[in-house]
Amino acid sequence: MRRRSPVPPSPLPQRDGVDPVRVRLPQGMAWATVRDHLVERLAAGPGVIDGMLDAGQIVDVEGRPVPRDLAYVPGMCVWFHRDLPYEVPVPFALDVMYRDEHVVVVDKPHFLATTPRGSHVAETALARLRRELGLPALSAAHRLDRLTAGLVLFTVRPEERGSYQSLFRDRLVTKEYEAVAPHDPALPLPRTVRSRIVKERGVMAAREVEGEPNAVSGVELLQWRDDGLARYRLTPRTGQTHQLRVHMATLGVPILGDPLYPEVKDPVPADDFRRPLQLLARVLGFTDPFTGREHRFVSGRVLQAWASYEEWAGTPYDAQA
(Lines give C-alpha, C1' and ligand atoms only; values in the text may rest on other atoms or scores of the structure.)
Protein backbone atom coordinates (compact mmCIF):
# COMPACT_ATOMS: atom_id res chain seq x y z
CA MET A 1 0.00 0.00 0.00
CA ARG A 2 1.38 3.37 -0.99
CA ARG A 3 1.96 5.67 1.99
CA ARG A 4 0.68 9.19 1.62
CA SER A 5 3.24 11.95 2.13
CA PRO A 6 2.78 14.08 5.26
CA VAL A 7 0.81 17.30 5.00
CA PRO A 8 3.15 20.31 4.85
CA PRO A 9 2.53 23.16 7.30
CA SER A 10 0.36 26.01 6.11
CA PRO A 11 2.24 29.05 4.79
CA LEU A 12 -0.73 31.25 5.72
CA PRO A 13 -1.61 32.26 9.29
CA GLN A 14 -5.02 31.69 10.79
CA ARG A 15 -7.63 34.39 10.39
CA ASP A 16 -9.97 34.98 13.35
CA GLY A 17 -9.03 31.56 14.71
CA VAL A 18 -9.91 29.82 11.44
CA ASP A 19 -7.37 27.80 9.45
CA PRO A 20 -6.86 28.50 5.75
CA VAL A 21 -8.26 26.00 3.27
CA ARG A 22 -5.74 23.48 1.92
CA VAL A 23 -6.27 21.82 -1.46
CA ARG A 24 -4.05 18.88 -2.44
CA LEU A 25 -3.94 18.21 -6.18
CA PRO A 26 -4.94 14.54 -6.62
CA GLN A 27 -2.59 11.87 -7.95
CA GLY A 28 -3.49 10.02 -11.11
CA MET A 29 -5.31 13.02 -12.52
CA ALA A 30 -4.16 15.75 -14.88
CA TRP A 31 -5.29 19.26 -15.69
CA ALA A 32 -3.24 21.69 -17.73
CA THR A 33 -2.93 24.17 -14.86
CA VAL A 34 -3.64 24.48 -11.15
CA ARG A 35 -6.17 27.14 -12.09
CA ASP A 36 -8.14 24.70 -14.28
CA HIS A 37 -8.33 22.17 -11.44
CA LEU A 38 -9.49 24.75 -8.89
CA VAL A 39 -12.21 26.03 -11.23
CA GLU A 40 -13.60 22.51 -11.61
CA ARG A 41 -13.09 21.34 -8.03
CA LEU A 42 -14.29 24.36 -6.08
CA ALA A 43 -17.27 25.09 -8.36
CA ALA A 44 -16.90 28.79 -7.57
CA GLY A 45 -16.85 29.89 -11.21
CA PRO A 46 -13.82 30.87 -13.29
CA GLY A 47 -14.28 34.56 -12.49
CA VAL A 48 -13.97 33.94 -8.75
CA ILE A 49 -10.87 31.74 -9.04
CA ASP A 50 -9.20 34.09 -11.53
CA GLY A 51 -9.88 37.01 -9.22
CA MET A 52 -8.31 35.21 -6.27
CA LEU A 53 -5.27 34.20 -8.34
CA ASP A 54 -4.79 37.72 -9.69
CA ALA A 55 -5.02 39.12 -6.14
CA GLY A 56 -2.37 36.69 -4.87
CA GLN A 57 -4.84 35.04 -2.48
CA ILE A 58 -3.95 31.45 -3.46
CA VAL A 59 -0.41 30.46 -2.47
CA ASP A 60 1.93 27.47 -2.71
CA VAL A 61 3.86 25.71 0.06
CA GLU A 62 6.37 28.58 0.20
CA GLY A 63 3.64 31.19 0.49
CA ARG A 64 4.20 32.43 -3.06
CA PRO A 65 1.15 33.51 -5.08
CA VAL A 66 0.05 30.92 -7.62
CA PRO A 67 -0.08 32.38 -11.16
CA ARG A 68 -2.88 31.50 -13.55
CA ASP A 69 -0.59 29.49 -15.82
CA LEU A 70 1.16 27.40 -13.16
CA ALA A 71 1.32 23.81 -14.43
CA TYR A 72 -0.65 21.13 -12.61
CA VAL A 73 1.59 18.91 -10.46
CA PRO A 74 -0.10 15.90 -8.77
CA GLY A 75 0.39 15.95 -5.00
CA MET A 76 1.04 19.69 -4.85
CA CYS A 77 -0.80 21.68 -2.16
CA VAL A 78 -2.18 25.20 -2.34
CA TRP A 79 -3.79 27.31 0.38
CA PHE A 80 -6.22 30.20 0.57
CA HIS A 81 -8.59 31.90 2.99
CA ARG A 82 -12.26 31.67 2.10
CA ASP A 83 -14.45 34.72 2.48
CA LEU A 84 -16.61 33.98 5.49
CA PRO A 85 -20.26 35.01 5.44
CA TYR A 86 -21.70 36.89 8.38
CA GLU A 87 -22.57 34.60 11.28
CA VAL A 88 -25.04 35.53 13.99
CA PRO A 89 -23.03 35.65 17.24
CA VAL A 90 -24.03 33.00 19.77
CA PRO A 91 -24.83 35.14 22.83
CA PHE A 92 -23.74 32.66 25.50
CA ALA A 93 -20.47 32.27 27.39
CA LEU A 94 -17.95 29.54 26.67
CA ASP A 95 -16.59 28.67 30.12
CA VAL A 96 -13.03 27.36 30.51
CA MET A 97 -13.13 24.70 33.26
CA TYR A 98 -9.47 23.67 33.18
CA ARG A 99 -6.28 24.50 31.32
CA ASP A 100 -2.73 23.18 31.43
CA GLU A 101 0.11 22.74 28.94
CA HIS A 102 -1.62 19.74 27.35
CA VAL A 103 -5.39 20.28 27.39
CA VAL A 104 -8.21 22.77 27.71
CA VAL A 105 -11.60 21.63 29.01
CA VAL A 106 -14.58 23.89 28.38
CA ASP A 107 -18.27 23.97 29.25
CA LYS A 108 -19.91 24.70 25.88
CA PRO A 109 -23.26 26.46 25.59
CA HIS A 110 -26.13 25.33 23.42
CA PHE A 111 -26.11 26.56 19.79
CA LEU A 112 -22.31 26.89 19.57
CA ALA A 113 -20.68 24.38 17.20
CA THR A 114 -17.54 22.66 18.47
CA THR A 115 -15.48 23.00 15.29
CA PRO A 116 -15.90 24.80 11.95
CA ARG A 117 -18.37 23.02 9.72
CA GLY A 118 -20.83 24.15 7.09
CA SER A 119 -22.15 27.64 7.81
CA HIS A 120 -20.65 27.71 11.31
CA VAL A 121 -16.99 28.70 11.08
CA ALA A 122 -15.85 31.70 13.13
CA GLU A 123 -18.74 31.26 15.60
CA THR A 124 -17.46 27.95 16.95
CA ALA A 125 -15.90 26.89 20.22
CA LEU A 126 -12.57 26.11 18.55
CA ALA A 127 -12.25 29.45 16.78
CA ARG A 128 -13.32 31.36 19.88
CA LEU A 129 -10.79 29.57 22.08
CA ARG A 130 -7.95 30.05 19.62
CA ARG A 131 -8.65 33.77 19.60
CA GLU A 132 -9.33 34.27 23.29
CA LEU A 133 -6.57 32.01 24.67
CA GLY A 134 -3.96 32.80 22.03
CA LEU A 135 -3.56 29.10 21.16
CA PRO A 136 -3.52 28.85 17.34
CA ALA A 137 -2.62 25.14 17.39
CA LEU A 138 -5.57 24.19 19.62
CA SER A 139 -7.69 21.32 18.29
CA ALA A 140 -10.69 19.31 19.45
CA ALA A 141 -10.18 15.79 20.79
CA HIS A 142 -13.87 15.00 20.23
CA ARG A 143 -17.03 16.87 19.29
CA LEU A 144 -20.44 17.74 20.68
CA ASP A 145 -23.38 18.52 18.44
CA ARG A 146 -23.99 22.24 18.02
CA LEU A 147 -27.32 21.97 19.84
CA THR A 148 -25.87 19.99 22.77
CA ALA A 149 -24.29 21.85 25.70
CA GLY A 150 -21.60 20.62 28.06
CA LEU A 151 -18.02 19.47 28.44
CA VAL A 152 -15.56 19.30 25.55
CA LEU A 153 -11.87 18.39 25.60
CA PHE A 154 -9.38 20.32 23.43
CA THR A 155 -5.68 19.58 22.97
CA VAL A 156 -2.94 22.20 23.00
CA ARG A 157 -0.19 20.39 21.09
CA PRO A 158 -0.94 18.92 17.65
CA GLU A 159 1.48 16.03 18.16
CA GLU A 160 -0.46 14.93 21.27
CA ARG A 161 -3.96 15.05 19.81
CA GLY A 162 -3.94 11.42 18.67
CA SER A 163 -3.23 10.17 22.18
CA TYR A 164 -6.27 11.97 23.58
CA GLN A 165 -8.47 10.90 20.67
CA SER A 166 -7.48 7.29 21.37
CA LEU A 167 -8.97 7.63 24.86
CA PHE A 168 -12.37 8.15 23.25
CA ARG A 169 -11.79 5.46 20.63
CA ASP A 170 -10.78 2.92 23.28
CA ARG A 171 -13.67 3.91 25.58
CA LEU A 172 -11.36 5.08 28.34
CA VAL A 173 -13.34 8.29 28.92
CA THR A 174 -16.18 8.51 31.41
CA LYS A 175 -19.10 10.35 29.81
CA GLU A 176 -22.45 11.08 31.39
CA TYR A 177 -25.22 13.15 29.84
CA GLU A 178 -28.34 14.63 31.33
CA ALA A 179 -31.59 15.16 29.42
CA VAL A 180 -35.10 16.48 30.04
CA ALA A 181 -37.84 14.55 28.27
CA PRO A 182 -41.40 13.36 28.87
CA HIS A 183 -42.00 10.91 31.71
CA ASP A 184 -43.51 7.56 30.79
CA PRO A 185 -44.40 5.55 33.93
CA ALA A 186 -44.79 2.43 31.78
CA LEU A 187 -41.22 2.61 30.47
CA PRO A 188 -38.99 0.15 32.41
CA LEU A 189 -35.81 1.91 33.54
CA PRO A 190 -32.87 1.70 33.92
CA ARG A 191 -32.13 -0.10 30.69
CA THR A 192 -29.52 -0.46 27.97
CA VAL A 193 -30.56 0.41 24.43
CA ARG A 194 -28.77 -1.29 21.54
CA SER A 195 -29.40 -0.64 17.85
CA ARG A 196 -27.72 -0.02 14.53
CA ILE A 197 -27.67 3.67 13.56
CA VAL A 198 -26.70 5.03 10.15
CA LYS A 199 -26.22 8.67 9.18
CA GLU A 200 -26.18 9.38 5.46
CA ARG A 201 -24.34 12.35 4.00
CA GLY A 202 -26.73 15.13 3.10
CA VAL A 203 -29.53 13.75 5.29
CA MET A 204 -30.17 15.72 8.48
CA ALA A 205 -31.44 12.90 10.69
CA ALA A 206 -29.80 9.59 11.49
CA ARG A 207 -31.95 6.46 11.49
CA GLU A 208 -32.02 2.99 12.95
CA VAL A 209 -31.74 0.00 10.62
CA GLU A 210 -31.63 -3.76 10.93
CA GLY A 211 -28.25 -5.31 11.60
CA GLU A 212 -25.50 -5.70 14.14
CA PRO A 213 -25.81 -2.99 16.82
CA ASN A 214 -23.22 -0.22 16.60
CA ALA A 215 -24.84 2.11 19.15
CA VAL A 216 -25.24 1.32 22.86
CA SER A 217 -26.68 3.72 25.45
CA GLY A 218 -27.57 3.42 29.11
CA VAL A 219 -30.77 5.23 30.11
CA GLU A 220 -31.64 5.91 33.76
CA LEU A 221 -34.50 7.87 35.31
CA LEU A 222 -33.16 10.45 37.77
CA GLN A 223 -36.29 12.35 38.74
CA TRP A 224 -39.84 12.92 37.55
CA ARG A 225 -42.59 15.36 38.45
CA ASP A 226 -46.32 15.90 38.10
CA ASP A 227 -46.13 18.11 34.98
CA GLY A 228 -45.13 15.07 32.94
CA LEU A 229 -41.41 15.84 32.62
CA ALA A 230 -38.43 13.83 33.83
CA ARG A 231 -34.66 14.08 34.13
CA TYR A 232 -32.60 11.25 32.70
CA ARG A 233 -28.98 10.18 33.00
CA LEU A 234 -27.65 8.91 29.67
CA THR A 235 -24.38 7.01 29.35
CA PRO A 236 -23.25 6.38 25.78
CA ARG A 237 -21.03 3.31 25.38
CA THR A 238 -20.44 4.13 21.70
CA GLY A 239 -20.28 7.36 19.74
CA GLN A 240 -22.63 7.25 16.76
CA THR A 241 -24.00 10.54 15.40
CA HIS A 242 -27.07 11.71 17.37
CA GLN A 243 -27.04 8.40 19.23
CA LEU A 244 -28.64 9.57 22.48
CA ARG A 245 -31.26 11.62 20.65
CA VAL A 246 -32.20 8.68 18.43
CA HIS A 247 -32.42 6.24 21.34
CA MET A 248 -34.57 8.54 23.47
CA ALA A 249 -36.96 9.08 20.57
CA THR A 250 -37.10 5.33 19.96
CA LEU A 251 -38.10 4.81 23.60
CA GLY A 252 -41.00 7.21 23.08
CA VAL A 253 -39.52 9.97 25.26
CA PRO A 254 -37.81 12.35 22.79
CA ILE A 255 -35.58 15.01 24.33
CA LEU A 256 -37.28 18.40 24.64
CA GLY A 257 -36.29 20.90 21.96
CA ASP A 258 -35.05 18.28 19.51
CA PRO A 259 -35.65 19.58 15.96
CA LEU A 260 -34.87 16.22 14.30
CA TYR A 261 -36.29 13.41 16.42
CA PRO A 262 -38.79 11.87 16.28
CA GLU A 263 -39.47 14.01 13.18
CA VAL A 264 -37.61 16.74 11.32
CA LYS A 265 -39.08 20.16 12.03
CA ASP A 266 -38.85 23.32 9.94
CA PRO A 267 -35.62 25.28 10.55
CA VAL A 268 -35.78 28.32 12.81
CA PRO A 269 -34.17 31.71 12.11
CA ALA A 270 -30.44 31.90 12.80
CA ASP A 271 -30.98 34.41 15.60
CA ASP A 272 -33.62 32.32 17.41
CA PHE A 273 -31.87 30.96 20.50
CA ARG A 274 -35.02 29.92 22.35
CA ARG A 275 -35.92 26.40 23.38
CA PRO A 276 -32.44 24.86 23.32
CA LEU A 277 -32.19 21.09 23.06
CA GLN A 278 -32.41 19.80 26.63
CA LEU A 279 -29.31 17.64 26.41
CA LEU A 280 -26.15 18.31 28.43
CA ALA A 281 -22.78 16.56 28.55
CA ARG A 282 -22.68 16.65 32.34
CA VAL A 283 -19.59 14.58 33.28
CA LEU A 284 -16.24 14.03 31.56
CA GLY A 285 -13.53 11.93 33.20
CA PHE A 286 -10.21 10.53 31.96
CA THR A 287 -6.63 9.78 32.94
CA ASP A 288 -4.23 12.13 31.19
CA PRO A 289 -1.91 9.98 29.02
CA PHE A 290 1.01 12.38 29.52
CA THR A 291 0.76 13.48 33.15
CA GLY A 292 -1.06 10.47 34.61
CA ARG A 293 -3.42 12.90 36.35
CA GLU A 294 -6.96 11.69 37.04
CA HIS A 295 -9.52 14.23 35.79
CA ARG A 296 -13.25 14.40 36.47
CA PHE A 297 -15.16 17.48 35.36
CA VAL A 298 -18.81 18.29 36.03
CA SER A 299 -20.72 20.88 33.99
CA GLY A 300 -22.19 23.76 35.96
CA ARG A 301 -24.98 24.33 33.48
CA VAL A 302 -28.66 23.83 34.30
CA LEU A 303 -31.16 22.49 31.79
CA GLN A 304 -33.63 25.32 31.45
CA ALA A 305 -36.78 23.27 30.88
CA TRP A 306 -36.26 21.56 34.23
CA ALA A 307 -35.45 24.76 36.14
CA SER A 308 -38.33 26.72 34.58
CA TYR A 309 -40.37 25.11 31.82
CA GLU A 310 -42.30 28.33 31.22
CA GLU A 311 -39.11 30.30 30.69
CA TRP A 312 -37.74 27.64 28.33
CA ALA A 313 -40.95 27.43 26.30
CA GLY A 314 -41.14 31.23 26.03
CA THR A 315 -43.34 32.95 23.46
CA PRO A 316 -43.64 32.40 19.70
CA TYR A 317 -40.70 33.87 17.82
CA ASP A 318 -42.87 36.20 15.73
CA ALA A 319 -44.53 37.55 18.89
CA GLN A 320 -41.26 38.89 20.31
CA ALA A 321 -40.64 42.60 20.21
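**Close-up views of a predicted model**

**Figure 1. Helix α4 and the strands it packs against.** The buried residues of α4 pack against four strands, β4 (103-108), β6 (149-155), β7 (174-182) and β12 (279-287). In this predicted model, α4 covers residues 161-169, and its buried residues are Tyr164, Ser166, Leu167 and Phe168. Arginine 171 follows the helix and has a positive phi, near 60°.

**Figure 2. The whole protein, for orientation.** The protein has seven helices and 13 strands. Its C-alpha trace spans about 70 × 55 × 45 Å along the principal axes. Of the 321 residues, 45% count as buried. Among contacts with a separation of 6 or more, 62% are between residues 24 or more positions apart. The accessible surface comes to about 17,200 Å², and carbon and sulfur atoms account for 51% of that surface. The protein carries 42 positive and 41 negative charges, and the mean positions of these two sets lie 5 Å apart.

**Figure 3. Helix α3 and its buried residues.** In α3 (125-133), the buried residues are Ala125, Leu126, Ala127, Arg128, Leu129 and Arg130. These residues pack against β3 (95-99), β4, β5 and β6. Glycine 134, just after α3, takes a positive phi of about 65°.

**Figure 4. The salt bridge between arginine 128 and glutamate 123.** Side chains of opposite charge can pair when their charged atoms come close. Arginine 128 forms a salt bridge with glutamate 123, and their closest N and O atoms are 3.3 Å apart. Arginine 128 has a relative accessible area of 9% and is therefore buried. Glutamate 123 is also buried, with a relative accessible area of 14%.

**Figure 5. Leucine 38 in helix α1.** Leucine 38 lies in α1, which is made up of residues 34-42. Its relative accessibility is 0%, so leucine 38 counts as buried. Leaving aside residues up to four places away in sequence, leucine 38 touches Val23, Ala43, Ile49, Ile58 and Val78. Glycine 150 is 112 residues from leucine 38 in sequence, and the two C-alpha atoms are 39 Å apart in space.

**Figure 6. A network of salt bridges.** Arg35, Asp36, Asp50, Asp54 and Arg68 are linked in a network of salt bridges. A search of the whole structure finds 21 salt bridges.

**Figure 7. Two further salt bridges.** The side chains of arginine 157 and glutamate 160 meet in a salt bridge, with an N to O distance of 3.2 Å. Arginine 157 is partly exposed at a relative accessible area of 31%, whereas glutamate 160 counts as buried at 6% relative accessibility. In the other pair, the side chains of aspartate 227 and arginine 225 meet at 2.9 Å, N to O. Aspartate 227 is partly exposed, with a relative accessible area of 47%. Arginine 225 also counts as partly exposed, at 23% relative accessibility.

**Figure 8. A patch of positive charge on the surface.** Arg117, Arg143, Lys199 and Arg201 gather in this patch. One of these residues, arginine 143, is in the loop between β5 (139-140) and β6. With a relative accessible area of 42%, arginine 143 is partly exposed.

**Figure 9. Two cis peptide bonds before proline.** Leucine 189 and proline 190 are joined by a cis peptide bond with omega about 5°. Proline 190 is in the loop between β7 and β8 (191-198). The peptide bond from tyrosine 261 to proline 262 is also cis, and its omega is near 10°. Proline 262 is in the loop between α5 (243-250) and β12.

**Figure 10. Positive phi at phenylalanine 111 and histidine 242.** Phenylalanine 111 is not a glycine, yet its phi is positive, about 80°. The residue is in the loop between β4 and α3. Phenylalanine 111 is buried, with a relative accessible area of 9%. Histidine 242, likewise not a glycine, has a positive phi of about 60°. Its place is in the loop between β11 (229-236) and α5. Histidine 242 counts as buried because its relative accessibility is 13%, under the 20% limit for burial.

Terms used. Residues numbered from 1 in each chain as written. Heavy atoms only, no water. Buried < 20%, exposed > 50% of the residue type's maximum accessible area, 1.4 Å probe, protein only. Helix = DSSP H or I, 4+ residues; strand = E, 2+ residues; numbered from the N terminus. Contact = heavy atoms within 4.5 Å. Patch = residues over 30% accessible without salt bridge, like charges linked within 9 Å, V, L, I, M, F, W, Y side chains within 5 Å. Areas by Shrake-Rupley, 256 points an atom, 1.4 Å probe, with all protein chains shown as cover. Salt bridge = Lys/Arg side-chain N within 4 Å of Asp/Glu carboxyl O. Lys, Arg positive; Asp, Glu negative; His and termini not counted. Charge placed at Lys NZ, Arg CZ, Asp CG, Glu CD.
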